Amino acid sequence: MCEWCYRHGAGQKWYLNSRNYLRETALEVGAHDYIFELWKQFEKVYLQRIYGISMRGPGYKFNTPVVGGALKWYVNSWFKKEKPLKGRNARRAEGHPGQVVPLEDAKKILKLADPILRVNCACRKMTRGVNDPCCLAFGALAEMVPKLPRYIPERGMEPLHIDEAQAFVEEMNEAGRVNTVWFGPMPYIAALCSCQQPECAATRLRTSYGLQFLYKGEYVAKVDSSKCDGCQACASRCQFGALTFNSLMNRPFIDGWKCFGCGLCSTACPQGAIGMADRVSFPALKGVW
Amino acid sequence: MKTDIIVDYRKCGDPRECKKCLKVCPPALFIMYPPDYKSNDPDEWRVDVAFTDLCTRCGDCVRDCPRGAIRLK
Ligand code: SF4
Ligand code: SF4
Ligand code: SF4
Ligand code: SF4
Ligand code: SF4
């Protein structure tokens, strides 16, 4: 359980609390306007200069001692912003953090969301000029998409039934995409994404700059060495540099400190040798988000 | 080493017809965006670059741009 589970989970994981998907919740936080602002200016948010940090090369600023650390802290505080309920600044992604989820949890999320609309991934459209309809937009976001034609897939708007949506995330998982779930804005839940490096803006902010825009998942992968036969099917699955195949022990080595809990290694294992353990079951990792 | 990636807009036209730089850059640093955010269905697009501190100066973008519009500094 992470900090959001405690605040918005009603005793469970934040993204399994059905309240966070309700239209009522969307209206309470002004999700429609917020989402429209964000998606309409998506590339501008990505490119903008914020308090002297140019997104053209934030690394130069973040790497300056003291000032860099303070700036990071400041930018991180936007993502976590919970107030005001309505009118948070979409251009700063206030209240719009996300978290990595493994396939099983992604499927549970799709049972709670309604409607589910498949739309073009904003990051891939921006960085590669490719329309890749792989973002699953929920409720308020799905309602705003007709006003944002550049995110409507070429074959038209695609509302998905729960079964279709679940089959789709399975396909994405097989293809090596990492599922992430997004507040928009907190505590309303607006989307389930299927991300990959280096196109994903969120993953970039996290892995290249250490910004807490994307949280690590609620789980950490753990190898059961008695089940592993050394087939190496898991070896190329990790996007976070957490898994390497260890030829001496003939099994993967998973660095728990680097693991994001996406479960891609686990779903690739024919022996069921990689389990997803609750992050809190590792006393040293329970605060590592 | 600080890198600037400069696009000459007199040479690069509508990126939607080319996109070579977007596709070739290994870390995906080029982006295409509509400068006019008032429109929901923008018709004008341009190329720009973000996160230049991740550029390795591999030179692929300069090599592949058919209009010679990209310069590294
Ligand atoms: S967060 Fe991931 S899936 Fe969502 S728009 Fe960005 S890359 Fe696409
Ligand atoms: S080790 Fe497995 S679960 Fe952890 S980040 Fe890598 S692929 Fe995902
Ligand atoms: S896929 Fe499973 S059985 Fe194969 S090496 Fe990885 S953990 Fe072992
Ligand atoms: S030099 Fe290489 S890394 Fe740098 S922008 Fe061009 S293609 Fe990308
Ligand atoms: S490759 Fe050159 S001409 Fe083509 S979009 Fe990029 S900058 Fe413009």
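A residue counts as near a ligand if one of its heavy atoms lies within 4 Å of it. By that rule, ligand 5 of this predicted model is surrounded by residues of chain B. Four cysteines belong to the shell: B:Cys12, B:Cys18, B:Cys21 and B:Cys65. B:Lys19, B:Lys20 and B:Arg67 are also there, along with B:Val47, B:Pro66 and B:Ile70. By class, the shell around ligand 5 has seven nonpolar residues, three charged ones and no polar ones.

Turn to ligand 2. Residues of chain A surround this ligand. Among them are A:Cys238, A:Cys259, A:Cys262 and A:Cys265. A:Phe240, A:Phe260, A:Ile254 and A:Met276 also take part, as do A:Ala221 and A:Ala242. A:Gly261 and A:Gly263 complete the shell. The class count is 10 nonpolar, two polar and no charged. Charged residues are thus absent around ligand 2, whereas the shell of ligand 5 has three.

Now step back to chain A as a whole. Its residues 3-215 form domain 1, and residues 219-281 form domain 2. The centres of the two domains, taken over C-alpha atoms, lie 26 Å apart. Their contact draws 19 residues from domain 1 and nine from domain 2.

How much area do domain 1 and domain 2 of chain A bury between them? The value is about 1,100 Å², with 58% of it on carbon and sulfur atoms. On the domain 1 side, A:Pro102, A:Asn173 and A:Val178 supply 36% of the buried area, more than any other three residues. Polar contacts link seven residue pairs across this interface, both partners at pLDDT 80 or more. Salt bridges between the domains number zero.

Three helices of chain A each supply at least two residues to the domain 1 side: H7 (103-112), H10 (162-174) and H11 (201-209). H11(A) gives the most, with three residues. That side of domain 1 has eight nonpolar, six polar and five charged residues.

Next comes the boundary between the chains. The contact takes 30 residues from chain A and 30 residues from chain B. Together the chains bury about 2,400 Å², and carbon and sulfur atoms give 58% of this area. In chain A, the residues that lose the most area to chain B are A:Arg56, A:Tyr60 and A:Arg128. Those three account for 27% of what the chain A side buries. Across the interface of chain A and chain B there are 11 residue pairs in polar contact, both at pLDDT 80 or more. Zero salt bridges are found there.

Which elements of chain A give two or more residues to the side that touches chain B? They are helices H3 (31-40), H4 (42-47), H5 (58-62), H8 (122-128) and H11. H4(A) gives the most, with five residues. H11 of chain A thus appears here as well as on the side of domain 1 that touches domain 2. By class, the side of chain A that touches chain B divides into 14 nonpolar, six polar and 10 charged residues.

Finally, the salt bridges. Side chains of opposite charge can pair when their charged atoms come close. The structure holds 20 salt bridges over all chains. One of them joins the side chains of A:Glu3 and A:Arg7, at 3.5 Å from N to O. Both residues lie in helix H1 (residues 3-8) of chain A. A:Glu3 and A:Arg7 are four residues apart, about one turn of the helix.

Terms used. Residues are numbered from 1 along each chain as its sequence is written. Chains are lettered from A and ligands numbered from 1 in the order in which they are written. This is a predicted model: local features need pLDDT of at least 70, side-chain atom pairs count only at pLDDT 80 or more; totals for chains, interfaces and linings use all residues. Side-chain values use heavy atoms; hydrogens and water are left out. Domain bounds come from an automatic or database domain assignment. Contact means heavy atoms within 4.5 Å. Buried area is the accessible area (1.4 Å probe) that two parts lose on being put together, summed over both. A salt bridge is a side-chain nitrogen of Lys or Arg within 4 Å of a carboxyl oxygen of Asp or Glu. A polar contact is a pair of N or O atoms within 3.5 Å; within protein, one must be able to donate a hydrogen and the other to accept it, and residues adjacent in sequence count only if both atoms are side-chain atoms. Ala, Val, Leu, Ile, Met, Phe, Trp, Tyr, Cys and Pro count as nonpolar, Asp, Glu, Lys and Arg as charged, and the others, Gly among them, as polar.
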